[in-house]
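Visitor: Got a minute to walk me through this one? I'd like to start with the charged pairs and then wander a bit.

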Amino acid sequence: LAPIAHAREYRRTTNLALINSLFPPSKKHHFTFDPKQNLPTLPHWPVVSAEEYEDCSLLQMDIQGFTAISSHISATELVDLVNAIFTSVDEAASLIGCVWKVETVGDCYKAMIGGIFPCSDHAHRAL
């Protein structure tokens, strides 16, 4: 039974880490866990379209010269570089506040300032 309990705890911890990395704090608490399977159940969120956020700024950043850089370094070095850059951006965003990282795709970082974290100076924070 110990290996099964260990596997379940590992799966629960991994799922929690994934939820914490994907969803803003205001949404992640909506996840509950099925006690039988120790897995997240589906959240029961109202569907809210982006048009309903009146006070927000959207931010999109790309790494300048990414294509040229990627042709001169190894894949591992490229992943390490992108990770270092986006980790720094995440740290800056947490200091700025009211920022929700929507997604990163390749060398593109997308975030929303304000909206789910209301603030009157969202445009200033986006700069």
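**Salt bridges, a histidine and a pocket**

Guide: Sure, and let's start with arginine 125: this residue is partly exposed, with a relative accessible area of 24%. Keep in mind that the model is a predicted one.

Visitor: Which side chain does arginine 125 meet in a salt bridge?

Guide: That of aspartate 121, with N to O at 2.6 Å. Aspartate 121 counts as partly exposed too, at 30% relative accessibility.

Visitor: How many salt bridges does the structure hold?

Guide: Three. Another one pairs aspartate 90 with lysine 101, where the closest N and O atoms are 3.1 Å apart.

Visitor: Where do aspartate 90 and lysine 101 lie?

Guide: Aspartate 90 is in helix H4 (residues 75-96) and lysine 101 is in strand S4 (residues 99-105), so their salt bridge ties together parts that are 11 residues apart in sequence.

Visitor: And how accessible is aspartate 90?

Guide: Partly exposed, at a relative accessible area of 29%. Lysine 101 is partly exposed as well, at 30%.

Visitor: What does glutamate 103 form a salt bridge with?

Guide: With lysine 110, and there the closest N and O atoms are 3.6 Å apart. Glutamate 103 has a relative accessible area of 34%, which makes it partly exposed, and lysine 110 is partly exposed at 30%.

Visitor: Changing topic: is histidine 122 buried or partly exposed?

Guide: Buried, because its relative accessibility is 13% and the cut-off for buried is under 20%. Histidine 122 sits in helix H5 (residues 122-126).

Visitor: What is histidine 122 in contact with, leaving aside its neighbours within four places in sequence?

Guide: Asp55, Cys56, Ser57, Ile113 and Gly114. As for cysteine 56, its backbone oxygen lies 3.4 Å from a polar atom of the histidine 122 side chain.

Visitor: OK, pockets. What volume does the second largest pocket have?

Guide: About 150 Å³. Its lining includes Ile113, the residue we just met as a contact of histidine 122, and also Arg125 from the salt bridge with aspartate 121.

Visitor: Which element gives the most to that lining?

Guide: H4, with four residues. Strand S3 (56-62), strand S5 (108-114) and H5 each supply at least two residues, as does H4.

Visitor: And what's the lining of the second largest pocket like by class?

Guide: There are 11 nonpolar residues, no polar ones and one charged residue. Among the nonpolar residues lining the pocket are Leu59, Met61, Val89 and Tyr109.

Conventions: Residues are numbered from 1 along each chain as its sequence is written. This is a predicted model: local features need pLDDT of at least 70, side-chain atom pairs count only at pLDDT 80 or more; totals for chains, interfaces and linings use all residues. Side-chain values use heavy atoms; hydrogens and water are left out. A salt bridge is a side-chain nitrogen of Lys or Arg within 4 Å of a carboxyl oxygen of Asp or Glu. Buried means under 20% relative accessible area, exposed over 50%, partly exposed in between (1.4 Å probe, protein chains only). A polar contact is a pair of N or O atoms within 3.5 Å; within protein, one must be able to donate a hydrogen and the other to accept it, and residues adjacent in sequence count only if both atoms are side-chain atoms. Contact means heavy atoms within 4.5 Å. On a 1 Å grid over the protein atoms alone, a cavity is a set of points where a 1.4 Å probe fits but cannot get out, and a pocket is an open set with protein on both sides within 12 Å along at least five of seven lines; lining residues have an atom within 4 Å of a point. Grid points are joined across faces, edges and corners, and a volume is the space filled by probe spheres set on the points.
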